[in-house]
Amino acid sequence: MNFLAEAAEAENPLLPAWPELIIGLICFFIVFGFLGKKLLPSIEKVLSERRDAIEGGLERAEEAQAEAQRTLEQYRAELADARHEAARITEHAREQGAVLITEMREEGQRQREAIVTAGHAQIEADRKQATAVLRHDVGALATELASRIVGESLQDSARQSGIIDRFLDELEAKATVAEGAVK
């Protein structure tokens, strides 16, 4: 039975033989040491580079974002200044427009007054001319009428002028008195 136990023990596939176990462990440690000495530093280096790239990328992104924020603030300030300047220019133009309108109104008023004054002067000149023509015509008619009534010629111009002027002055005086009474 002893033999069977040894045979059963030798044939157990789960338990390796001692020399194979020792050789396997030595090979494992050699491969593990080789990988630890050669491959692990390379892996660490790649991971370190990747970490630096990621962290550097984040830092660069933060710097870029800060720069973009500063630029945005600068543009906003410039835009606010431009709006302020536009408002100032608009207000200045409004003020100039108001001054120009006032000046144009004053100029129009002066021109109107000049036209009215010239019109009054023209009316006065026309009135004097019409009065002179009317005096002459009324005088001629009155002289002719008086000549027919009296029956003799009253064509003496000096006498005729004096009579006509006195008659018309009396009429003007009566008209002035009548105007004063009406007012």
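The dialogue below asks how the labels given to this predicted model follow from their definitions.

Biologist: What should a reader know about the model before any label is used?

Modeller: This is a predicted model in which local features need pLDDT of at least 70 and side-chain atom pairs count only at pLDDT 80 or more, while totals for chains, interfaces and linings use all residues. Residues are numbered from 1 along each chain as its sequence is written, and side-chain values use heavy atoms, with hydrogens and water left out.

Biologist: Why is the pattern of the chain written as α-α-α?

Modeller: Helices are DSSP runs of H or I with at least four residues, strands are runs of E with at least two, and numbering starts from the N terminus. The chain has three helices and zero strands, and helix H2 covers residues 18-150.

Biologist: What share of the 183 residues counts as buried, and what makes a residue buried or exposed?

Modeller: Buried means under 20% relative accessible area, exposed means over 50%, and partly exposed lies in between, with a 1.4 Å probe and protein chains only. Of the 183 residues, 4% count as buried. The chain exposes about 16,200 Å², of which carbon and sulfur atoms supply 63%; such areas come from the Shrake-Rupley method with a 1.4 Å probe, and for residues only the protein chains shown count as cover.

Biologist: Why is the pair of Phe28 and Phe29 called edge-to-face?

Modeller: Rings of Phe, Tyr and Trp (its six-membered ring) pair if their centres lie within 6.5 Å, and planes under 30 degrees apart count as stacked, over 60 as edge-to-face and the rest as tilted. By this rule there are two aromatic pairs. The ring centres of Phe28 and Phe29 are 5.6 Å apart and their planes stand at 65 degrees, so the pair is edge-to-face.

Biologist: What makes the pair of Phe28 and Phe32 stacked?

Modeller: Their ring centres are 6.0 Å apart and their planes at 20 degrees, so this pair is stacked. Phe28 and Phe32 both lie in helix H2, four residues apart, about one turn of the helix. Ring pairs thus link Phe28, Phe29 and Phe32 into a cluster, in which Phe29 is exposed at 53% and Phe32 is exposed at 56%.

Biologist: How do you know that Arg88 and Glu85 form a salt bridge?

Modeller: A salt bridge is a side-chain nitrogen of Lys or Arg within 4 Å of a carboxyl oxygen of Asp or Glu. The closest N and O atoms of Arg88 and Glu85 are 2.4 Å apart, and the two residues lie three apart in helix H2, about one turn. The structure holds six salt bridges, including Arg94 with Glu91 at 3.4 Å and Arg127 with Glu124 at 2.5 Å.

Biologist: Why is Arg94 called exposed or partly exposed, and what of Glu91?

Modeller: Arg94 has 56% relative accessibility and therefore counts as exposed, whereas Glu91, at 37%, is partly exposed.

Biologist: What makes a group of residues, such as Val31, Phe34 and Leu35, part of a nonpolar patch?

Modeller: Patches are made of residues with over 30% relative accessible area and no salt bridge, where like charges are joined within 9 Å and nonpolar side chains (Val, Leu, Ile, Met, Phe, Trp, Tyr) within 5 Å. Val31, Phe34, Leu35, Leu39, Leu40, Ile43 and Leu47 form such a patch, with about 610 Å² of accessible area together. Leu35, one of these residues, has a relative accessible area of 37% and is partly exposed.
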